[in-house]
Amino acid sequence: MFDYTNRIDKRYWFVRDADIKQARKMIAENHYAKGCANTAVAVHGLFDCVGDLCGVAWWMPPIRAAAAATYHDPTKVLALSRLVIAPDVPKNACSFLISRSIKMIDKNKWPCLVTYADSWQGHQGTIYKATNWEEVGKTKPEKCYVKDGRMLCKKA
């Protein structure tokens with residue numbers, strides 16, 4: 001039996017591009033938003049030694065206003081839109097996935113990476129701080145739309 005209780009052993013875990021359908025399913029089952037966008041620039045998965053998907057990092061451009069507030073060229077900003085890890089993976093799975101996912105992003109095309117911690121969900125950005133993201137401020141609160149337990153974008 002594979003022991004998921006300790007820290008990730010790099011010999012048995014890996015990050016690679018993930019199948020978008022599998023990633024959507026994992027997000028629907030394990031993320032509080034219960035869904036994600038229809039598009040992505042990159043979808044990276046955390047896989048265990050038998051090839052099971054155990055985590056997802058979903059990257060896409062943020063809305064233009066957010067990108068413009070972050071970087072001088074808003075077309076060069078990429079956001080970590082969803083980060084989800086299965087409940088039974090080792091403690092350092094999030095940082096393992098984030099660090100390897102970032103290395104897979106084309107730095108010339110996307111020189112500015114951003115992410116947001118949803119404080120209304122009780123998130124304080126702990127995993128982002130642990131993986132050396134720089135906190136640059138808070139966004140103003142916005143309405144959140146939920147239908148049948150799934151978060152919806154404003155345009156929906």
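The accessible surface of the chain comes to about 10,100 Å², and carbon and sulfur atoms hold 51% of that area. Keep in mind as you browse that this is a predicted model. Of the chain's 156 residues, 37% count as buried.

The fold itself is a mix of 4 helices and 7 strands. If you walk along the sequence, you meet them in the pattern β-α-β-β-α-β-α-β-α-β-β. Contacts across the sequence are also worth a look: among those with a separation of 6 or more, 64% join residues 24 or more positions apart.

**Salt bridges**

How many salt bridges does a search of the whole structure find? The search gives 2. Here they are side by side:

| Salt bridge | N to O distance |
|---|---|
| Arginine 11 and aspartate 9 | 2.5 Å |
| Lysine 25 and glutamate 29 | 2.9 Å |

Let's take the pair of arginine 11 and aspartate 9 to begin with. Arginine 11 has a relative accessible area of 64%, so this residue counts as exposed. Its partner, aspartate 9, is at 26% relative accessibility and therefore counts as partly exposed.

The other pair sits within a single helix: lysine 25 and glutamate 29 both belong to α1, which covers residues 20–30. They are 4 residues apart, or about one turn of the helix. Is lysine 25 buried or exposed? Lysine 25 is exposed, because its relative accessibility of 51% lies over the 50% cut-off. Glutamate 29, at 48%, is partly exposed, because that value falls between the 20% and 50% limits.

**Tyrosine 12**

Next along from arginine 11, you can find tyrosine 12 in the segment before β1 (14–17). With a relative accessible area of 37%, tyrosine 12 is partly exposed. Which residue, 37 positions away along the chain, has its C-alpha atom 4.7 Å from that of tyrosine 12? The answer is cysteine 49.

**Asparagine 92**

Finally, have a look at the loop that runs between β4 (77–85) and α3 (93–104), where asparagine 92 is found. Why does asparagine 92 count as buried? Its relative accessible area is 12%, and buried means under 20%, so asparagine 92 qualifies. Leaving aside residues up to four places away in sequence, asparagine 92 touches Arg7 and Ile8.

Notes:
Residues numbered from 1 in each chain as written. Predicted model: local features only at pLDDT ≥ 70, side-chain atom pairs only at ≥ 80, totals over all residues. Heavy atoms only, no water. Helix = DSSP H or I, 4+ residues; strand = E, 2+ residues; numbered from the N terminus. Buried < 20%, exposed > 50% of the residue type's maximum accessible area, 1.4 Å probe, protein only. Contact = heavy atoms within 4.5 Å. Areas by Shrake-Rupley, 256 points an atom, 1.4 Å probe, with all protein chains shown as cover. Salt bridge = Lys/Arg side-chain N within 4 Å of Asp/Glu carboxyl O.
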